[in-house]
Amino acid sequence: MANFFTDNPDLLHHLNHPMMRKIVELKERNFADAEQFDYAPLNFEDAMDNYTRVLEVVGDICANIIAENAESVDHEGASCSDGRAHYASATVENLKACRQAGLMGMAMPRRFGGLNFPITPYIMAADIVSRADTGFENLWGLQDCAETLYEFGNEDQRARFIPRVCEGETMSMDLTEPDAGSDLQSVMLRATQKEDGTWVLNGVKRFITNGDSDIHLVLARSEEGTKDGRGLSMFIYDKRNGGVTVRRIENKMGIKGSPTCELVYKNAPAELCGSRRMGLIKYVMALMNGARLGIAAQSVGCSEIAYREALAYAKDRRQFGKAIIEFPAVAEMIAVIKAKLDASRSLLYECARYVDLYKALEDIARERTLTPEERKECKQYNRLADALTPMAKGLGSEYCNQNAYDCIQIHGGSGFMKDYACERLYRDARITSIYEGTTQLQVVAAIRHVTTGTYKALIDSYAANEVRPELQAIKDRLAALTEKYVAAVEHVNAVNDPTFLDFMARRLVEMAGNLVMSYLLLLDANRDAAFEKSLNVYVNLAASEITRHAEFIHTFDPAQLPTYLQH
Amino acid sequence: MSLNIIVLAKQVPDTRNVGKDAMKEDGTINRAVLPAIFNPEDLNALEQALRLKDAHPGSTITVLTMGLPKSAEVIREAIFRGADCGIVLTDRALGGADTLATSYSLSQAIRKIGNYDIILGGRQAIDGDTAQVVPQIAEKLNIPQVTYAEDVVVNEEGKVTVRRRLEHGIETVVAPLPCVVTVTGSAPDCRPRNAKRLMKYKYAVSPSEKAKLAEDMQAFVDARAHLQIQEWGAAFVEADPAQIGFPGSPTKVKNVESVVFVAKDARRLDDNDAQIEELIKELIVNHTIG
């Protein structure tokens with residue numbers, strides 16, 4: 001039987017990263033749950049065995065149900081009638097399989113019915129699901145809204161809602177509105193507190209993924225008269241209570257199985273989650289970080305299928321008497337697709353591990369006071385997760401788009417037709433660099449880690465590792481490229497002009513990303529020689545990109561800025 | 001009403017993707033190269049059992065398999081997907097059984113289980129392809145049988161309604177319980193393994209498997225009833241030694257042949273009797289027909 005986990009040894013390589021021991025130990029805390037739950041692991045090896053076995057189930061469902069349904073879901077799409085959104089029939093089947101397999105609420109604590117998986121294996125499941133059907137990953141992946149509900153809801157709310165998510169009810173995050181897309185401070189949906197203390201919501205939300213879900217997290221203006229982010233709070237809306245209808249769903253270019261809804265709230269009862277006024281500045285930021293990691297995983301999964309489709313076609317298609325993969329122009333494209341895939345996947349799991357570490361420590365802090373050392377660690381990991389999340393989402397989604405583009409190119413004229421999966425991938429890929437913050441906004445989130453040196457410190461920590469002698473030459477090359485990056489950062493800082501920094505930000509973040517991903521592949525190849533090929537290809541690519549950006553930055557005359565900025 | 005459901009399952013060599021080395025020189029199956037799998041239609045039967053359990057909360061599903069001790073793998077697989085418990089009927093004395101001896105042995109095990117409302121099995125196994133064992137069990141237990149089922153529903157009066165997939169259409173029949181039902185491959189696929197059950201039952205073992213574990217794991221299994229897969233022998237199910245295994249099997253395999261198609265190209269015949277007659281003679285001589 002086909003299996004999307006076992007047919008891809010790269011996944012097991014990332015799952016078995018040395019840092020997992022620490023993650024599992026923080027997450028399972030002396031494996032105390034085993035006393036109470038018969039499915040809890042007994043020790044580290046048992047926990048890892050659990051992750052592997054459950055990912056095999058994910059791989060099975062993805063290969064044999066979700067991937068098989070992807071084309072029909074794309075053709076049928078979601079629909080809207082009588083104020084409700086309806087999934088395509090095969091989407092219903094996909095969700096049923098995920099529910100029966102118990103793959104909802106994977107990262108939630110056992111006491112609420114979850115599997116208590118760390119983020120890393122959960123994100124790996126997202127990667128696999130996206131390879132099967134990129135659009136379905138949205139519906140399945142919105143379960144990580146439960147993470148926000150767990151972090152900021154009270155114990156009563158956790159106990160009422162999280163078990164429902166673990167049983168398979170779906171979620172949505174109702175944030176954007178017609179006049180509040182990237183700029184969420186402008187959210188207008190009104191939350192009014194009644195005399196009995198309960199809340200009702202009134203207004204309109206737009207572009208809400210899976211907007212007819214069972215349990216919604218809603219960003220709404222609770223403080224009358226305010227105009228900025230500090231007047232916004234987060235609410236939980238339960239579909240069972242009614243009050244929200246779907247006015248229409250969008251007719252989209254891709255991810256057609258995932259209904260994107262316009263919602264109308266008419267005195268919809270809702271309950272406050274967390275504290276008033278903290279909705280945007282704290283909770284939605286946390287929600288978005290989780291969602292961005294999810295999109296990074298979605299991007300990698302989509303890259304994976306683009307790579308596989310491109311490779312299979314290039315081996316199969318014969319022209320001029322031989323398979324087209326034998327032509328250097330095609331072979332190089334395949335090598336570069338794979339290198340970008342591997343690089344973005346290494347970054348994805350590096351990021352997931354840091355998210356795991358800081359979230360596990362934060363969760364321990366809910367039970368007891370952290371030691372000063374733990375507090376310091378938590379802060380450090382949180383910072384690294386903050387730095388790597390926009391990088392993984394921003395650059396991973398761009399690579400996903402590039403790979404989907406090249407996948408069509410390799411298919412030639414056939415790729416432009418509806419006959420091959422590559423055209424669907426191309427359409428599905430396109431949204432990854434837009435939603436949950438465009439690549440341009442990921443750069444805005446990432447640039448401070450360029451200027452404050454987070455990336456540089458991380459790069460130095462990678463460089464401190466010893467590598468096998470045959471990898472030393474690449475390591476030396478990366479050290480030289482790091483100097484180019486440092487010089488470019490110094491140059492931009494020296495100009496000391498915020499507009500100039502904004503203008504150069506994308507280039508600097510890309511340079512940092514090229515280096516981080518190169519070093520991660522170096523360390524991957526150091527553990528497993530199978531990564532050497534992608535390491536070599538990626539470092540060549542990274543070197544040319546870094547050099548190109550450095551050249552632009554150093555030779556650019558700031559006096560030219562108006563040429564670009566004034567229209 | 002809650003039901004006591006028995007699912008009959010068999011571990012079979014995966015004959016669906018047979019390579020060159022699938023058969024040994026003596027014509028017997030080379031089990032070493034064919035992975036052992038859950039007989040596909042038995043999985044369809046398990047799904048029907050799970051649907052009955054969904055519709056009738058409190059029902060229990062017991063999976064019964066006969067074979068080598070390693071058939072416990074089938075029991076674990078069924079438990080991962082939602083079955084409650086399982087029994088491996090295994091004994092050297094049961095070896096070499098044909099369908100008659102097999103159905104007798106299994107019917108004895110079912111009598112030992114005792115309390116059952118419905119027995120579900122796959123229409124046929126992909127190794128023998130006889131489709132005889134489950135109907136014979138119904139005969140031996142002297143209860144009704146319904147074959148070729150695609151959908152099985154039990155109502156509150158204790159009647160089972162079965163949709164049968166036949167060659168030229170669909171037939172719906174109603175039968176009283178207890179009853180035996182064989183399920184075809186056109187019935188819905190079995191649901192996937194469940195993550196929690198997988199983690200909970202992954203250490204479930206039969207006594208023969210347990211004996212090979214380290215001492216601490218043996219103690220671990222001993223302390224947890226849900227991890228103990230039962231293993232029954234011929235004597236335990238009170239089987240008559242003359243009716244089981246090789247002695248109880250009247251079917252004798254005369255010869256097994258590896259048929260290899262050698263013709264590579266199509267041959268075109270003209271529209272005349274002489275050529276056709278020549279071809280018929282040729283086919284009779286080479287034993288293709290006749």
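# A tour of chains A and B

Start where the two chains meet: 14 residues of chain A are in contact with ten residues of chain B. Keep in mind that this is a predicted model. On the chain A side, select helix H3 (44-76) and helix H4 (89-100), the elements that give two or more residues to the side touching chain B. H3(A) gives the most, with six residues. Colour the chain A side of this contact by residue type and you will find eight nonpolar, three polar and three charged residues.

**Chain A as a whole**

Now select all of chain A. It has 19 helices and eleven strands. Its radius of gyration is 23 Å, while the globule rule gives 24 Å for 567 residues; the two are close, so chain A is as compact as a globular protein of that length. Along the principal axes, its C-alpha atoms fill a box of roughly 70 × 60 × 55 Å. Of the 567 residues, 53% count as buried. Look also at which parts of the sequence touch: among contacts with a separation of 6 or more in chain A, 77% are between residues 24 or more positions apart.

**Two crossing helices**

Next select helix H10 (residues 328-367) and helix H18 (residues 532-555) of chain A. At what angle do H10(A) and H18(A) pack? The angle is about 95 degrees, and the axes are 9 Å apart. That makes H10(A) roughly perpendicular to H18(A), because angles of 65 to 115 degrees count as such.

To see the contact itself, show side chains. From H10(A), pick Ala335(A), Val336(A), Lys338(A), Ala339(A), Asp342(A) and Ala343(A); they meet Ser534(A), Val537(A), Tyr538(A) and Leu541(A) in H18(A). Sorted by type, the residues of this contact are seven nonpolar, one polar and two charged.

**A buried glycine**

Move to Gly437(A), which lies in the loop between helix H13 (421-430) and helix H14 (439-451) of chain A. Is Gly437(A) buried or exposed? Gly437(A) has 22 C-beta neighbours inside 10 Å, so it counts as buried; the cut-off for a buried residue is 20 or more. Leaving aside neighbours within four places in sequence, select the residues in contact with Gly437(A): Ser182(A), Met288(A), Arg292(A) and Gln442(A). For a distance to try in the viewer, take the C-alpha atoms of Gly437(A) and Asn8(A): they are separated by 30 Å, with the two positions 429 residues apart along the chain.

**Chain B as a whole**

Switch to chain B, which has eight helices and eleven strands. Its C-alpha atoms fill a box of roughly 75 × 50 × 40 Å along the principal axes. Of its 290 residues, 40% count as buried. Residues 24 or more positions apart make up 71% of the chain B contacts with a separation of 6 or more.

**The sheet of chain B**

Select the strands of chain B next. Nine of them form an open sheet with mixed pairing, in the order E9-E8-E7-E10-E6-E1-E4-E5-E11. Which strands are at the edges? They are strand E9 (169-176) and strand E11 (230-232) of chain B, each of which pairs on one side only. From one strand to the next, the twist averages 35 degrees.

Zoom in on strand E5 (residues 85-89) of chain B. Three bridges join E5(B) to E11(B), and the two run parallel. One pair to label is Leu89(B) and its bridge partner in E11(B), Trp232(B).

Finish with helix H3 (residues 99-113) of chain B, which packs on the sheet. H3(B) touches strand E1 (4-9), strand E4 (60-66), E5, strand E6 (118-122) and E11 of chain B, and its direction makes about 150 degrees with that of E4(B).

Terms used. Residues numbered from 1 in each chain as written. Chains lettered and ligands numbered in written order. Predicted model: local features only at pLDDT ≥ 70, side-chain atom pairs only at ≥ 80, totals over all residues. Helix = DSSP H or I, 4+ residues; strand = E, 2+ residues; numbered from the N terminus. Rg over C-alpha atoms; globule rule 2.2 N^0.38 Å. Buried ≥ 20, exposed ≤ 12 C-beta atoms within 10 Å, placed from the backbone. Contact = placed C-beta atoms within 7 Å. Axes fitted to C-alpha atoms, helices over the stretch in contact; angles between N-to-C directions. Parallel < 35°, antiparallel > 145°, perpendicular 65-115°, else oblique. Nonpolar A, V, L, I, M, F, W, Y, C, P; charged D, E, K, R; others polar. Pairing = 2+ DSSP bridges.
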